[in-house]
Amino acid sequence: MGVTPHLPSPAAAALPPAFSAWFAGRGWHVRAHQLDLLASARAGRSALLVAPTGAGKTLAGFLPSLVELAEAPDRAGLHTLYISPLKALAVDIARNLEAPVTEMGLPVKVETRTGDTPAHKRARQIERPPHILLTTPEQLALLIAHREAEAFFSGLRRVVLDELHALVTSKRGDLLSLGLMRLFALAPQVTTVGLSATVREPEVLARYLVPQRAGLPSPDIITVKEGARPQIGILESRLAPPLAGHTALHAMDEIYRAIRDHRLSLVFVNTRMQAEFVFQELWRMNDDGLAIALHHGSLDAGQRRRVEAAMAEGRLKAVVCTSTLDLGIDWGDVDLVINVGAPKGASRLMQRIGRANHRLDEPSKAFLVPANRFEVLECRAALDAVAEAAQDTPDARTGALDVLAQHVLGRACAGPFDADAFYEEVRGAAPYAGLPRRDFDDVVAFVATGGYALRSYERFARIVKGKDGLWRVTTPRVAQQYRLNVGTIVEEPMLRVRLARPRRAGGMTVVRGGRVLGEVEEYFAEGLTPGDTFVFAGEVLRFEGIYENEVITSRTAAGTDPKVPSYAGGKFPLSSFLASRVRAMIASPGDWHRLPKPVANWLMAQKMKSRLPRPGELLVETFPRGGRHYLVAYPFEGRLAHQTLGMLLTRRLERARLKPLGFVANDYGLAAWGIADIGLAVTQGRLSLAELFAPDMLGDDLEDWLAESALMKRTFRHCAIIAGMIERRFPGQEKTGRQVTMSTDLVYDVLRRHEPDHVLLRAARADAATGLLDVRRLGDMLVRVAGRIVHAPLDHLSPLSVAVMLEIGREMVYGEAAEHMLAEAEAAMMEEAMQ
Amino acid sequence: MNAMGGEAGTAGAAQVLRLGRLDLVADPAGALFVADEGLLVVADLHLEKASSFAGRGVFLPPYDTRATLAAVARLVARYAPRAVVALGDSFHDAGAHGRLDTRDSEALAALQRGRDWLWVTGNHDPQVPRAAGGESAAELRLADVVLRHEPADDGTAEIVGHMHPAAKVRLTGRSVRRRCFAAGARRIVMPALGALTGGLNLRDAAFRPLFPEGVTAHVLGQRLYAIGWPLLLPD
């Protein structure tokens with residue numbers, strides 16, 4: 001890249017007069033980090049800008065491009081590519097760039113390219129590109145797979161990656177990292193700038209911005225100090241938080257009053273169902289007629305846009321929302337953030353608090369509302385972390401092989417490639433820096449003919465290696481398929497919810513089409529029977545049935561109680577960072593005075609009736625109750641890891657002939673139960689807890705269980721779609737999610753039996769390790785507690801265990817116990833027949 | 001709640017269904033055995049389905065034929081039938097037999113050795129190549145029951161395939177979807193045996209005219225589970 005090491009000299013960092021005048025005209029001072037970025041860019045270096053919300057990050061990111069374009073008024077072709085995780089953010093930024101461009105009369109053309117951009121405009125953009133193009137990772141993947149990619153990107157100077165901290169934690173980030181390396185190959189002169197919120201290890205994040213090759217300089221890291229400390233506390237409530245549950249009903253009065261006393265509040269919750277519940281409860285007590293709105297990802301897009309507009313115009317008093325509002329956009333004059341439920345991670349909490357008061361020099365104000373007593377501990381831990389500005393951003397990812405498969409096909413669509421050179425390029429991407437050649441070759445073989453040991457698809461190959469040693473696509477249809485399948489977001493199958501008024505006509509119920517309210521997950525709709533009532537889009541709806549892949553609902557009479565079947569605890573598992581803080585808090589009675597009294601009393605009771613685990617210990621309690629024997633453990637490793645642990649523990653208990661019947665898990669612990677006396681087996685030495693929790697359960701036991709696991713099948717389905725084994729849709733034929741699910745399950749079964757080491761199964765297992773099964777975290781925990789498991793044999797349940805036991809009967813599960821359930825269903829039929 | 005599965009001691013247990021004057025042993029792997037005749041009936045094998053997709057650039061695992069023939073082999077070993085009837089759609093397309101690899105061809109030949117083999121023709125395989133061995137016919141009559149691929153409406157009791165019935169059952173909030181036999185007073189629709197063959201929900205409108213007097217799903221699993229209409233769910 002021909003880079004000279006730089007020291008920011010005053011001259012390099014100087015702003016051209018037109019820009020200085022513009023800043024001055026707005027009454028702004030150019031900020032130090034904005035000049036630092038300019039200097040970096042002028043020295044031809046990439047940079048990571050780490051700054052809290054409201055620091056003028058975006059302008060800083062574009063400033064070098066605007067300056068450079070102002071100095072070269074006749075320049076044609078694409079100069080700067082901006083990539084954001086959200087389409088809406090790209091559109092928003094385009095609007096914000098208009099001000100400096102028009103007011104300074106800069107010769108700069110700015111355009112967006114998203115899924116909504118019409119075809120004729122896309123074609124024109126390829127022919128005559130704007131100077132600055134704002135887009136998303138998926139659109140970048142499509143652009144670099146374009147046959148004109150080389151010409152289109154050859155003059156590219158700069159790439160701006162917004163919200164980088166959020167992008168890099170997912171497969172989308174993997175895809176983007178590969179796309180970025182392609183850009184470095186097409187335009188070696190390019191420099192990048194990453195814009196990020198505060199993260200734990202900026203050096204690790206910075207690696208993402210440049211090719212990982214020896215001899216290349218690492219990006220500059222420019223850090224903006226945090227602004228005023230946030231004013232943040234736990235919302236005091238008159239009623240004590242319950243032992244379990246996620247509704248926060250006990251604090252609804254106080255939440256309402258806080259909303260009333262502020263200008264505009266954002267009420268963050270962790271799931272859609274919590275959002276609906278909180279919204280419903282707030283309106284129930286809304287005697288002041290406060291303008292309280294609802295915003296979550298399942299709502300109809302039109303309705304969401306209306307809420308966003310109302311917010312920006314200052315017509316709302318509060319918005320109850322899920323993480324759909326977590327990222328990016330400046331929504332208006334928010335002066336209070338209320339986080340209902342535990343934040344699950346300190347960094348997420350900081351992000352959410354950042355929504356309040358978008359000015360760096362004024363403190364944001366926020367309240368946490370723990371929904372149960374464990375969450376009180378978690379909120380306390382999160383507050384301590386925020387006070388120390390400690391961050392728990394996740395570790396850097398290892399690039400997924402299914403994403404790589406998609407990228408390889410895209411690469412081939414753009415033109416012939418040499419495998420050796422391409423392998424080196426791919427390893428330049430930080431997530432793929434450690435990619436073994438064998439994995440790369442397997443992925444290429446997968447893209448070519450499915451990658452099966454039984455090489456029976458050679459003549460159907462999608463890409464082939466020619467005599468010149470270059471790989472090429474075989475037919476134009478391949479590129480067509482690629483375009484349909486691009487992207488890494490695999491949606492849960494969703495069904496549209498329609499409000500209709502069913503009429504009785506001639507003994508038949510006729511459903512008339514009505515307004516679409518939004519979408520729900522298919523599994524949720526499956527759990528409903530006609531006549532059930534549930535809360536959606538802020539109303540209590542009656543479920544009428546599923547017709548032609550739509551959920552048909554009707555309005556209920558005022559005052560109807562909803563029968564919402566499940567309040568899931570949240571999508572995000574407790575971060576390990578917060579978990580260790582919670583464990584430390586429980587182990588330190590000296591600190592309990594900082595907790596609300598009911599919570600401190602609860603822990604005190606636990607100390608008297610059972611025991612408290614010391615730091616590093618795993619407490620396992622056993623006790624009889626209602627004719628069953630229970631084993632409760634408290635690893636504090638998050639719901640996903642506990643689910644997996646529960647599955648594996650019950651298998652082992654079964655082998656020990658202790659006749660386990662089932663288990664439940666939440667973020668903090670798990671309870672397993674059975675017919676035989678588990679506690680007695682331990683005290684008599686027939687069952688060793690050390691062996692029961694031995695890390696080797698992650699070997700054969702895990703493999704056996706995975707074979708049948710619905711979660712594993714779902715994970716495989718995602719990989720198969722991303723990798724392009726299964727098409728998202730066939731041309732002209734939309735498959736419903738359900739049909740796809742069924743066929744991928746069959747594919748999984750066949751593949752597992754006949755080629756267990758296939759690259760897609762390896763990809764699925766790697767996902768399972770960190771995704772839905774959280775195996776890696778479970779493994780870390782098992783190793784950590786080895787030799788430090790303490791057993792408390794009790795006569796009855798302990799105070800701590802109540803919070804876990806209350807989950808029994810609350811959780812929805814997947815079809816693991818299918819045989820058992822079918823037998824029950826059959827028995828239920830028999831009973832009916834015998835009446 | 002995560003209940004433990006398993007019905008120990010019932011693995012492989014078959015069940016007897018009656019149709020017309022025939023007693024049929026329904027095997028939980030998805031086949032029927034007519035004990036009096038020593039006749040094993042399997043349906044919708046869809047051999048070489050994966051390679052058929054490969055032609056469109058969709059590379060499903062090329063092991064479906066192997067897996068399906070292995071399932072048939074297990075049934076043959078269990079019942080040692082005098083004759084096997086494959087109830088149509090045995091081959092996924094006209095070229096399927098030609099795409100069998102040597103190993104699969106030999107496995108098929110081994111299954112046919114020493115017993116009669118009848119390919120009932122189906123919509124996917126209206127003509128079965130001679131090279132596939134055995135005989136081929138549009139239908140077969142046993143006592144007062146006709147065995148054919150697609151349901152007909154001629155008043156005779158019949159055993160058919162073609163529809164790939166699957167049942168979805170829910171209890172206490174959990175649901176499971178499995179292949180099943182659909183058994184009514186005059187008709188049994190067999191589950192598909194092909195390894196990559198999906199299922200059509202029994203609640204689908206396509207099944208309604210076939211069972212005017214009601215239907216029971218005999219759901220495949222470690223044994224057969226008889227589930228009545230009220231517990232069956234649509235997709």
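Helices and strands here are DSSP runs, helices of at least four residues and strands of at least two. With that settled, keep in mind that this is a predicted model, and let's start with chain B. The UniProt record, in an unreviewed entry, lists residues 40–129 of chain B as "domain: Calcineurin-like phosphoesterase". Over that stretch, the chain is 41% helix and 13% strand, and the C-alpha atoms at its two ends sit 21 Å apart.

Staying in chain B, look at a pair of backbone oddities. Most residues other than glycine have a negative phi. B:Ala80 goes the other way, with a phi near 40 degrees, and you'll find B:Ala80 in the loop between helix H2 (64–79) and strand E5 (83–86). B:Asp89 also has a positive phi, near 50 degrees, and belongs to the loop between E5 and helix H3 (96–99) of chain B. Their surroundings are worth checking. B:Ala80 has 10 C-beta neighbours inside 10 Å, so it counts as exposed. B:Asp89 has 26 C-beta neighbours inside 10 Å and therefore counts as buried.

Now over to chain A, which has 835 residues, 49% of them buried. Its secondary structure comes to 32 helices and 28 strands. If you take the contacts between residues at least 6 apart in sequence, 74% join residues at least 24 apart.

A good place to enter chain A is strand E4 (residues 132–135). In a regular strand, side chains alternate between the two faces of the sheet. In E4(A), A:Ile132 and A:Leu134 point one way while A:Leu133 and A:Thr135 point the other, and all are buried. E4(A) has parallel partners. Strand E2 (residues 80–83) of chain A joins E4(A) through four bridges, with A:Tyr82 opposite A:Leu134. Strand E3 (residues 110–113) of chain A also pairs with E4(A) in the parallel sense, over four bridges, and here A:Glu111 stands opposite A:Leu133. To get from E3(A) to E4(A), follow helix H5 (residues 119–127) of chain A; the three elements make a right-handed β-α-β unit.

Further along is helix H16 (residues 401–414) of chain A. H16(A) has 14 residues and reaches 20 Å from first C-alpha to last, close to the 20 Å expected at 1.5 Å a residue. H16(A) is mostly covered, with 13 of its 14 residues buried. Right after H16(A) comes A:Gly415, whose phi is positive, near 155 degrees.

Finally, head for the five-stranded open sheet of chain A, which has mixed pairing and the order E26-E27-E25-E24-E28. Strands E26 (660–665) and E28 (789–793) of chain A stand at the edges with a single partner strand each, so one side of each has no neighbour in the sheet. On average, neighbouring strands of this sheet are turned by 20 degrees against each other, direction ignored. Within the sheet, strand E24 (residues 618–625) and strand E25 (residues 628–633) of chain A run antiparallel and are joined by six bridges; A:Pro624 stands opposite A:His629 in E25(A). What lies across E26 and strand E27 (670–674) of chain A? That's helix H23 (residues 639–655) of chain A, running at about 170 degrees to E26(A).

Methods: Residues numbered from 1 in each chain as written. Chains lettered and ligands numbered in written order. Predicted model: local features only at pLDDT ≥ 70, side-chain atom pairs only at ≥ 80, totals over all residues. Buried ≥ 20, exposed ≤ 12 C-beta atoms within 10 Å, placed from the backbone. Contact = placed C-beta atoms within 7 Å. Pairing = 2+ DSSP bridges. Axes fitted to C-alpha atoms, helices over the stretch in contact; angles between N-to-C directions. UniProt positions renumbered as here; feature names shortened; annotations may be inferred. Right-handed = clockwise from strand over helix to strand, strands pointing away. Expected span 1.5 Å × (residues − 1).
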